[in-house]
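Here are some exercises to try with the model open beside you. Have a go at each task before reading its solution.

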Amino acid sequence: MTSAFLEPMSMPDPTFPVKVNYCKSHEYGATLFPNHWHKHIELLYVVYGQAIFECNGVPIPVGPGSLVYVNGNDLHTGICTSDDLFYYALIFDPAVLQSSSVDAIETKYMLPLLHNGVVFPNQVDQAEPLTARFLSIVKELKEREPGYEMAVKSDLYRMLTEMLRSSTGQMMTVKNRQNRMRQLERLTPVLSYIEEHYHEELSVELLSEQAGLSRFHFSRLFKQLTDKSVTAYVNDIRIRQADYLLRNTQQTVSDIALAVGYRDIYYFSRMYKKCRGIPPSEVRD
């Protein structure tokens, strides 16, 4: 797993920062992408299969035709929940839609979008109006016929218009945006450490020291950004990895428990059943 929670975003064409990733998985329980954040906007569209895309600690189960909107600076991760998954990840820098002229579009919509002044819901409930635009962008970026950049920008404008009309975007003040950026930057090394050391003993004291905060302020900030307590967050990562090992390796349940950080096999079984609804032994049946 990568330790870079602030993902550096490379683009095939830096002068036109829009790209589509073609993403597949054939392993139930596989981590599609670890928890991370970036300043670009991302839309995830499932062609077939099932997964869980989690945004800011809130899990969103998805299937064929599902569309998820990831705002800039949203913490997000993905887990495959089927044996055959294919989805598109459309990623773009909102600056590509900016205009050199200070008109109504620029001041009312583009500047707030560029600076995270407007935050859309992650789960797109009525995805049908957006799907055709999304797939048109995929086609244009694949074929790259003359004028494809204009076609893509046009579809992006239409998609954002549909989002504005069909959802209640939350407006954020400059102070709130700056505060969230500071919080994310402060928590990033801690999240990275958890991803790399989830199998080790992890105490709130240890993690709060890394953030340079008291236990109380660290716990409050962690809950604010991830929507989970530190203990719940660590357990989620451990159970997720255990789920993958149970389904894709021949390791014993005891060995898997130890590998993901549980020294007590009975406690591991209780935690797994609490999170997945069945004991780990039944996954092998």
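Buried means under 20% relative accessible area, exposed over 50%, and partly exposed in between, with a 1.4 Å probe and protein chains only. This is a predicted model, where local features need pLDDT of at least 70 and side-chain atom pairs count only at pLDDT 80 or more, while totals for chains, interfaces and linings use all residues. Residues are numbered from 1 along each chain as its sequence is written, and side-chain values use heavy atoms, leaving out hydrogens and water.

**Exercise 1.** Find which residues of H6 are buried, and explain how they are arranged around the axis.

*Solution.*
- Step 1: locate helix H6 at residues 215–226; helices are DSSP runs of H or I with at least four residues, numbered from the N terminus.
- Step 2: pick out Phe218, Leu221, Phe222, Leu225 and Thr226 as the buried residues of H6.
- Step 3: they cover an arc of only 105 degrees around the axis, so they lie on the same side of H6; the arc is that of the directions from the helix axis to the C-beta atoms.
- Step 4: turn to the face pointing away from the buried side, where Phe216 and Gln224 are exposed.

**Exercise 2.** Identify which residues touch the most other members of the largest nonpolar core.

*Solution.*
- Step 1: collect buried Ala, Val, Leu, Ile, Met, Phe, Trp, Tyr and Cys residues joined through side-chain atoms within 4.5 Å.
- Step 2: among the 33 residues of this core, the answer is Ile194, Phe218, Phe222 and Phe268.
- Step 3: see which helix gives the most to this core: H7, with eight residues.

Key: Helix = DSSP H or I, 4+ residues; strand = E, 2+ residues; numbered from the N terminus.
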